[in-house]
Every structure is written in structure tokens, then in C-alpha cells.
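Trainee: I'd like to learn how to reason from a structure to a statement about it. Could we go through one together?
Mentor: Happily! Here it is.
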Amino acid sequence: MRTTNKSVLNWVDEMASLTKPDQIVWIDGSEDEMNRLKEEAFSTGELIELDQEALPGCVYHRTAVNDVARVEHRTFICTGKKEDAGHTNNWMAPDDMYQKLRGLFDGSMVGRTMYVIPYIMGSVGSPFSRIGVELTDSIYVVLNMRIMTRIGDVAWQQLGDSQDWVRCLHSKAQLDEENRYIVHFPEDNAIWSVNSGYGGNVLLGKKCFALRIASYLAKHEGWMAEHMLILGIENIETGKTQYITGAFPSACGKTNLAMLIPPAYAKGYKVYTVGDDIAWMRVGDDGRLYAINPEAGFFGVAPGTSMKSNPNALLSTKSDTIFTNVALTDDKKVWWEGMGVPAPAHAMDWKGNDWTPDMDVKAANPNSRFTAPARNCPSISPKWEDPMGVPISAILFGGRRAQLAPLVYQAYDWNHGVFIGATMASETTAAASGAVGVVRRDPMAMLPFCGYNMGDYFQHWLNMGKKIKHQPQIFNVNWFRIDDQGRFIWPGFGDNFRVLEWILKRCNDEVEAQNTPIGYLPYAEDINLEGLDNFSRSDVEELLSIEPDLWAVEIKGIEEHFANFDRLPAELLSQLNNLKARFE
Ligand code: GTP
Ligand code: SPV
Ligand code: MN
């Protein structure tokens, strides 16, 4: 026992009498403890030790084959009133859900150890950080939480006697897909997750706390919890750094953008990574919007990560990293599709089967991931743990749109920006179970992560705009337009800097823009193409084209989308009417 906090001690007792573990281990966060846990997990096969010379501190894990992504259809927001969860969330009355879950948790840890993980979201001692305690029967979860958050005695110290902490209960139970539940009780500050061992379902500090519970707290307390990367761009000559946040749906490029390396022409700039998935934002005393990254690591998509696409991510995984559901090579290293090195002649695939390159199955699961400490990242910002966060100049929304959405455009003002965010759509990816490649609306990339009624969430965005004296400019970006042959037109990755450069120029009033029905678009000649092969000015023009026929369909789509919300702010309807009128 490492705390005298009564609210913690009582709750741990209560949860232990429900789940009935053989023993309880209080996690202190030390290195010794980590090594002991790793050894134990090696001995049971839960983890496999990788080549410690090539990949010091790195381990390998496979989840169950039916447990490789978030499960949105089994994720619940259990508020007292159904309307407070809204139509876009699954809901059940809290009492009924507790009763159902108590049945599933009853004895779920018999024969197992319950680990008590105290953790901080946000940097140690920051006035904006928050505490959670996660109970789990998985060493994999403990070791991931150790990378993704600040765990152990630091958290008990920061918590003291306070009762303000998030109660997180997780059990793998039987990994039974039919009884898998990821449940949030925002009004009780509680999260119960059962029958899964996959990241987003079980690292309860991440999506469950830092987005679903935090968005609920943020709404009540006047701040924002968003599915956003945070990056800084330093102009080396002036020494000035400006910060940008961006909300893209899962597996749509946040990690890549946060870590980008500018193209050769942009020698005068350096890009710094502050965060790659979640931003907590507040209005500072100076009237600007400030963002912190509540996490301490990256739970990033492995496939496609190479020294060419994202060297900073790949280099982040060279030590103290957990690899999940990638391929395991015979010499105890890892491999995945799009790693930029030849496939091994033989490996074990993510299911644990023999794999050779001639087989037509993927060696790595499309949603295989690495868990890497943020401090490993070569581009990590000197300010990434700044307790007050970084001031934001621009907010980006984006997604995968094969057609329609231009490379970049700027909102007229904050409310128009909220409309753009609220109507975002993207083709679905492997990050959540279900069909891949289907266009769905995913407002602010928060559809799966908002812990309350999304109509109220839109209103909260509108309200925040009124509170921010120096509002960030809002932009929409799309790296994913395709040509007739189905190829991406825009080179993407590091070359996305060319778009960020235009965005900062707009924020600094350094470039003019075209006024169009959807917002301000760049003049094609204002996107710097220096050093880009096989890409011409006319390609940019194509990427900036607005096709009224497609937008007419889009407007219909937005109308249908808006009909899903019972508490849609009137402002968003008037934004829609304005958009229609501008096309007439
Ligand atoms: P989550 O961790 O699921 O929230 O995802 P994320 O938004 O951080 O996505 P990530 O950066 O990991 O990108 C996921 C996929 O998008 C990878 O397969 C990347 O290769 C691909 N991707 C990222 N940026 C670009 C880009 O600029 N162009 C293209 N064509 N693909 C990209
Ligand atoms: C996402 O799906 O958006 C992720 C990975 O960042 S998970 O933690 O599984 O949610
Ligand atoms: Mn994410």
C-alpha cells in the first residue's frame, strides 16, 4: 500500500472483493518493478523479449485475434439521463450497467494479480494535470501505462487526500468478445472495461479518461479535451515558435504530422512534436488558447512507419518500446508492411503463425502499434512538458477524403471553423473494428470519444470561441485526394509542411487568399513546390478545385448528418444556410 488516501483504499477494497484477485500489487513506477514484471510476463509468454542489443528495453506482444482495435459498438456513456449521452453514444442506465458489469467482473481476477496503477495525465505538478487510478489484471497494461502516463508514487504524491481522481477498473476476464464492454460513468468519474486486452480499450488513461471523461469535465469546467496532435514550428532566424493543433480521425495522420521533417527548401524552419493524439486546451491569462499533451508516450500505428515516411516515429521505437501485433522476425526483431526495409524471408505473423513474403496475408495487423516513450522522439519539443502548455495559433481539421475536400482552406471565423469541424467526414480505418474505407461523418474526430451529448459539445466549442480573446485560426486539410488511378495526388508526410507554411502565413497576415463559397483558399502559386518532383502547379490547382456538383451532394450529406443531433446549436444550421447561399 503506497497511499493513505481513504477514498482510494476503500475503493480498492471494494473492487478487490468483487474481482477476487489472489493478490494485490501496488505499482510504484520504479525500474526494478518494471524489470520484475517483464520477467514474469516473459515466463508466461504474455511478452516476448526482443533482441536487446538492437532494441534495448523493447518487448513484443500479441493480443487475441478477435481483439485488435477499439470496439465502438461496445463502448457506452452511462449518464443518468439518456439525452445527456446523446444519440451518437451507446447508453444504458448506470444502475443497470453496473449490475450487468458486476456480474462480469465477479471473480474475474481469481488466480490472478490485481495491479493498482496510480497515474497522472499531464506533466507532474502541472495545474492542468489530473489523476487516475487503474486496477488491472494485465502486466501488459501496467507496462504500457508506464510509458503512456506518469505512474507510481509521483501520482500518489500529487493526489494527496483528494477525492478528485478517475476510478478505472479493467479486467481481461475471458477476453470474451460477446461480453466486451468499455463503459464510462462520467457522473461518477468512473471507467469499467472488461474482456479486452487491446490498447484503446484497456489503457484507460488514454481515450477513456483523457478524451471521454475529460471532455465531460472540460464541458463543465470551461476547457477542451480534444483528439488532436500538437506541433511547434520554429522560424530559426527569428527564434519564434508557433504552435498548431490538429484533429484527424484515427489512423489519418496525426502522429505523422506531429513529427514531420520539413522538406529541404525549408531549412529556416524546425518542427517540434508536443503531442500526437490528445490535447487539453484552456484559455490563458493573456487571452490565448494553451494546449498540453496529457500523455507521456505514443501509441502509434506501425504499418507505413518508415525512415522515409516518419523517421522521428521510427527512431522513437528503438528503445524501451512495446510492439503489439506486428510481425516477429526469427532474430527477435520486428517488421511490418511499409517499414521501408525488405520483408524477412520468414517471420511469425501477428497471429503467431509462420509467415513468408509469398503469402497473401499481412504479416502485421493493419492496426498494429508501438508504445514508445515521448522522450525518445528526436523532434520532441523542449516545451512538451511545460506545465502551462503552449499557445495555439492554428487549429486544423482533416480526414481521408478521396474527393471533394481541397488540400487546405481556412474558415472565415471561429464559428465557421466550428461548422467545418462539426461536418468533417473521413473514410474509416482499421483503428476501430468494422468496415474500412466507408465515408462517415466524424465531427472534430471526436465521434467515438465524446463523453456527452455531441450537440452540447458543438455548443461548447461555440462558447469557447467567445472566451478566447485571441482565437486560433481554423483550417481544414486533406492529404488524401486521389487521381483516376486511385493514387494519392499529394505527396504528403514531410511535404505537408508546405501547407503548414501557408497556414502560418495566414495566421501572421503574410499572404492573401481567394474568397470561395467554402472559405479562404490559397492561390496555387502560394504553396511552395520547390524541390518536388513529379508534381506541378496544375496538380495543386486540381487539389484546390471546388466542384459545385460534389458540394451539392455534400450539403445534402450535412443536412442528414445534422438531423442526427437532438441538441444541434442553431448557429450550425445558420452556418449551413450560409454555405448554401454562397453556392447560389
Ligand atoms: P491514431 O493513433 O489512430 O489516432 O492515428 P493518427 O492520426 O496518429 O495516424 P498516423 O499518423 O499514425 O497515420 C496513420 C496512417 O496514415 C499511416 O498508414 C500513414 O502512413 C498514413 N499517413 C499519414 N500521413 C499521411 C500523408 O500525409 N499522406 C498519406 N497518403 N498517408 C499518410
Ligand atoms: C485511435 O484509435 O485513435 C488511437 C489508438 O489513437 S487507441 O488508443 O486504440 O484509441
Ligand atoms: Mn487516436
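Trainee: How do you know that the side chain of Y198 makes a polar contact with ligand 2?
Mentor: Keep in mind that this model is predicted. An oxygen atom of ligand 2 is 2.7 Å from an N or O atom in the side chain of Y198. A pair of N or O atoms within 3.5 Å is called a polar contact, so the pair with Y198 counts as one.

Trainee: What makes R70 and D277 partners of ligand 2 as well?
Mentor: The reasoning has the same form. In R70, a side-chain N or O atom is 2.9 Å from an oxygen atom of ligand 2. For D277 the value is 3.4 Å, again from a side-chain N or O atom to an oxygen atom of ligand 2. The cut-off is 3.5 Å, so the D277 pair is a polar contact too. As for cover, ligand 2 taken alone exposes 290 Å², and the protein buries 98% of that.

Trainee: Which residues are around ligand 2?
Mentor: Among them are R70, Y198, K206, K207, H227, D277 and R369. By class, this shell divides into 4 nonpolar, 3 polar and 5 charged residues.

Trainee: Why is Y198 counted as nonpolar, while K206 is counted as charged?
Mentor: Both residues belong to the shell around ligand 2. Tyr is on the nonpolar list and Lys on the charged list, so the classes follow from the residue type.

Trainee: Which domains supply at least three residues each to the shell around ligand 2?
Mentor: They are domain 1 (6-45 + 71-221) and domain 2 (226-293 + 384-583).

Trainee: Now for ligand 1. How do you know that K254 and T255 make polar contacts with ligand 1?
Mentor: A polar side-chain atom of K254 lies 2.8 Å from an oxygen atom of ligand 1, and T255 also has a polar side-chain atom 2.8 Å from an oxygen atom of ligand 1. For D277, the value to a ligand 1 oxygen atom is 3.0 Å. Each of these values is within 3.5 Å, so each pair is a polar contact. Taken alone, ligand 1 exposes 660 Å², of which the protein buries 91%.

Trainee: Where does ligand 1 sit?
Mentor: In the largest pocket. To say that a molecule sits in a pocket, more than half of its atoms must lie within 2 Å of the grid points, so ligand 1 meets that test.

Trainee: Which helix gives the largest share of the shell around ligand 1?
Mentor: Helix 9, with 3 residues. Helix 9 (254-258) and strand 17 (297-301) each supply at least two residues of that shell.

Conventions: Residues numbered from 1 in each chain as written. Chains lettered and ligands numbered in written order. Predicted model: local features only at pLDDT ≥ 70, side-chain atom pairs only at ≥ 80, totals over all residues. Heavy atoms only, no water. Polar contact = N/O pair within 3.5 Å; in protein donor to acceptor, adjacent residues only side chain to side chain. Areas by Shrake-Rupley, 256 points an atom, 1.4 Å probe, with all protein chains shown as cover. 1 Å grid on protein atoms, 1.4 Å probe; cavity = no way out; pocket = protein on both sides within 12 Å on 5 of 7 lines; lining within 4 Å. Helix = DSSP H or I, 4+ residues; strand = E, 2+ residues; numbered from the N terminus. Near = heavy atom within 4 Å. Domains from an automatic or database assignment.
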